[in-house]
There are 2 protein chains.
Amino acid sequence: VNAEIITIGNEILSGRTVDTNFAYLAAQLETRGVPVGQHQTVGDQVEDIARALKTALARASLVIVTGGLGPTPDDVTRKAIAQALGRPLALDHDVLESIRERWVSLGGSEPMPGNNEVQALVPRGARVLRNTQGTAPGLLMEEDGKAVFVVPGVPGEMRSLTGDSILPWLDAQARHPVRYLTLRTCGIREAVLAQRLAEVPELLPDCQVAYLPSIGGVDIRIRLPEVDAERVAEVAERARQEITGRVGNYIFTEGTDSLERVVGDLLLEREYMIALAESCTGGMVAARITTTPGSSLFFEGGVVSYSNRAKEEMAGVAHELLVEHGAVSEPVARALAEGIAERTGAAVGVGITGIAGPGGGTEEKPVGTVHIAAVAPEGKAHRRYRFPGSRDGVRERSVTASLDMVRRLLLGIDD
Amino acid sequence: VNAEIITIGNEILSGRTVDTNFAYLAAQLETRGVPVGQHQTVGDQVEDIARALKTALARASLVIVTGGLGPTPDDVTRKAIAQALGRPLALDHDVLESIRERWVSLGGSEPMPGNNEVQALVPRGARVLRNTQGTAPGLLMEEDGKAVFVVPGVPGEMRSLTGDSILPWLDAQARHPVRYLTLRTCGIREAVLAQRLAEVPELLPDCQVAYLPSIGGVDIRIRLPEVDAERVAEVAERARQEITGRVGNYIFTEGTDSLERVVGDLLLEREYMIALAESCTGGMVAARITTTPGSSLFFEGGVVSYSNRAKEEMAGVAHELLVEHGAVSEPVARALAEGIAERTGAAVGVGITGIAGPGGGTEEKPVGTVHIAAVAPEGKAHRRYRFPGSRDGVRERSVTASLDMVRRLLLGIDD
């Protein structure tokens, strides 16, 4: 099976609404080993929808269409599908009855508006898929070994129909499920990672290796072969070893956990509390750490010591250090980390001071210069970074780098 | 001009990454009155990209392609574009030089990996568009009255190239540009806003009123008629008056400024410093305020007093208050605001304490209960909120509410 997806709706095409349905559907299909070959977004016009469907059916054996099934005149998906597939629409009396029942059960004391009835129009020969979350049913049309699913665009309804109808249909077609191994890295650039792993594709000929970069790091995703579970586990283990042997220090987790959650788990295991003294990141590290529910078990608190006065008064940085070395310096970063750990009694302290820009840079300390320091029972660490990018980029990278410094310190990983 | 957009990338097609670039681009094009006719997403295959581009060019006069410009072998967009447009690739020595400089300036002590050089390949006759946020430049190819822009898929780079190159190019094509009046609100729900402004569309027949909700508030966007500048200014002034007369207290700005920037400007005008004591928001208010460059001029610092001990020690909350009323209470919120202002010497202090969830709620103080307090030379304020939504949602809404409380306090707006 190979699939295409068509998203319908003027609100999506205008950029007013971000299309999250597509990513959801594609991810669900991928868990069943069904690759999506292409995705089209079209507006609420009969000709555009019909053309998109024909184009997709020429390439793919499964097409999923979402959106445009509502009761208002701009919902024309039914009409377009009927036209493209040459299956005239007819009123389905069972569907009409269930729409009426739904109207009443939702407390519609007035009679149901007539336009709701168009939702009971069904292309000839289509299977009607029950929608437990809304009025418009989904539709499935099969012919010549190809299948077209049509589901509403309301995310809750689309998800419900995916789980109730599309995935069971796919499961009925499949032999071996597709599995992935994901190794998440940070602190290493995509180009360097790819270079260090240059031989890996040859060593793992039955896998496909992909790099998924984001501002927080690069995920290495290995698509494992479609074989039985035992053999998949062997291949996964070999892949894990080959990759870990080359870039293991940069891998912070296998799977989907975030870096802040990994750091939180390390702190919990050791029964450590952490405290932060942030300057250029302005509270972003604290905000990130407290994203995790239950973070009060390992997060003591932090200060955002933006001004020099705050660095002295809130984190106990000596006035002389600030005068002698400047706020953005190794001694001040170290003093912030030590000061906040001492003041709060936390086992782990982190200090961050830097120039996020756009102003404030000098020749010696250009924009993007950030000093990060950490103290823990395991030891101390400091590093000077020079991050590229905008103010937001420098701040985001500083957050990742400081969390990664704590991870490495607790695990005893040298740079 | 009518446009199509092509998103490229296996990570998008697989559903691993939600494509936010498309909505951003479509919304930007809409501000220039350029409708997007269709959107295609294709994977990193030369033939698929080439075919998608040809299909789009057959329908639209402007095609924007994003993604697949990175240095790794799976980035094949350059090759595909060159093939589709019949413009062979050649190494651009200026681009190569700037890529090398960038590598060095980012602290690449190792020699640049050779694969970075592919980013200097440029289709014949293409205009190279400078990318201030990354390595791969954007490209513009014009022929037969049609234009193709190619920009990286990294959101920061795509946005930067949109602002620096695509929008100026569109502006250069326009006659009467489409103008919008945007009034940004917070603290009022979309349905309530729409109800209070129910008559406005009739009063402004030559305008189109749209509501753009986000988690931070609702923007009221008025599309003004395509007429000469003087007449547009008159219509805009009438629209401004009609809307401000009805919901003025909720409008924090006209235009695009963020709430944190508006609050920053109010503080700057008054020469006030602000200090924060955050609990459930975990540093998010500080992070938001320091998003604004130059925030050191009005932001003194803050504490993230997550534990009760931190509330006492960092913000000076009396132990008895915590015991008697609990951490999530009006007296503690007020004590946080007053304590942090006093300790830091800042004119304005804000205290936030609440239950973000998912755990920790009780019958009396359910998840979503947040107490926010502020002190300023203008007076004091406190409010108890009950926010809906997930942990992230409660935290985000708390950030907006606390910034808005400061705005109202400084401007003397009563609830």
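**Close-up 1. Strand E14 of chain A beside strand E14 of chain B.** In this predicted model, strand E14 (residues 299-304) of chain A and strand E14 (residues 299-304) of chain B pair in the antiparallel sense over three bridges; two strands are said to pair if DSSP finds at least two bridges between them, and helices (H or I, at least four residues) and strands (E, at least two) are DSSP runs, numbered from the N terminus. Within this pairing, Val303(A) stands opposite Val303(B). Residues are numbered from 1 along each chain as its sequence is written, while chains are lettered from A and ligands numbered from 1 in the order in which they are written. Because the model is predicted, local features need pLDDT of at least 70 and side-chain atom pairs count only at pLDDT 80 or more, whereas totals for chains, interfaces and linings use all residues; side-chain values use heavy atoms, with hydrogens and water left out.

**Close-up 2. The open sheet that contains strands of both chains.** The order of the 10 strands in this open sheet is E17(A)-E16(A)-E15(A)-E13(A)-E14(A)-E14(B)-E13(B)-E15(B)-E16(B)-E17(B), and the pairing is mixed. Strand E17 (379-386) of chain A and strand E17 (379-386) of chain B stand at the edges with a single partner strand each, so one side of each is left without a neighbour in the sheet. On average, neighbouring strands are turned by 10° against each other, direction ignored; here axes are lines fitted to C-alpha atoms, for helices over the stretch in contact, and angles run from 0 to 180 degrees between N-to-C directions.

**Close-up 3. Helices on the sheet and against each other.** Helix H14 (residues 330-344) of chain A packs on the sheet, where H14(A) touches strand E13 (274-278), E14, strand E15 (348-354), strand E16 (369-376) and E17 of chain A, and its direction makes about 145° with that of E15(A); contact means heavy atoms within 4.5 Å. Helix H12 (residues 308-315) of chain B lies across E14 of chain A together with E13, E14 and E15 of chain B, and H12(B) runs at about 25° to E14(A). Two packed helices are described by the angle between their axes and the distance between the axes. For helix H12 (residues 308-315) of chain A and H14(A), the angle is about 35° and the axes are 9 Å apart. Among the residues that make this contact are Met314(A) and Ala315(A) of H12(A), and Leu336(A) and Ile340(A) of H14(A). By class, the contact has six nonpolar, one polar and four charged residues, where Ala, Val, Leu, Ile, Met, Phe, Trp, Tyr, Cys and Pro count as nonpolar, Asp, Glu, Lys and Arg as charged, and the others, Gly among them, as polar.

**Close-up 4. The interface of chain A and chain B.** The contact takes 70 residues from chain A and 70 residues from chain B. About 5300 Å² is buried between the two chains, 52% of it on carbon and sulfur atoms; buried area is the accessible area (1.4 Å probe) that two parts lose on being put together, summed over both. Across this interface there are three salt bridges, a salt bridge being a side-chain nitrogen of Lys or Arg within 4 Å of a carboxyl oxygen of Asp or Glu. Arg309(B) forms a salt bridge with Glu300(A), with the closest N and O atoms 2.8 Å apart. On the side of chain A that touches chain B, strand E2 (residues 36-42) of chain A gives the most, with seven residues. E2(A) pairs with strand E2 (residues 36-42) of chain B in the antiparallel sense over five bridges, and Thr41(A) stands opposite His39(B).

**Close-up 5. Strand E7 of chain A and its surroundings.** Strand E6 (residues 127-129) of chain A pairs with E7(A) in the antiparallel sense over three bridges, and Val128(A) has Leu139(A) as its bridge partner. Five bridges join E7(A) to strand E8 (residues 146-151) of chain A, which run antiparallel. E7(A) and E8(A) form a hairpin with two residues between them, and Asp144(A) in the turn has a positive phi of about 55°. Glu143(A) forms a salt bridge with Arg87(A), the closest N and O atoms being 3.0 Å apart. Glu143(A) lies in strand E7 (residues 138-143) of chain A and Arg87(A) in the loop between helix H4 (77-85) and strand E4 (89-91) of chain A, so the pair ties together parts that are 56 residues apart in sequence.
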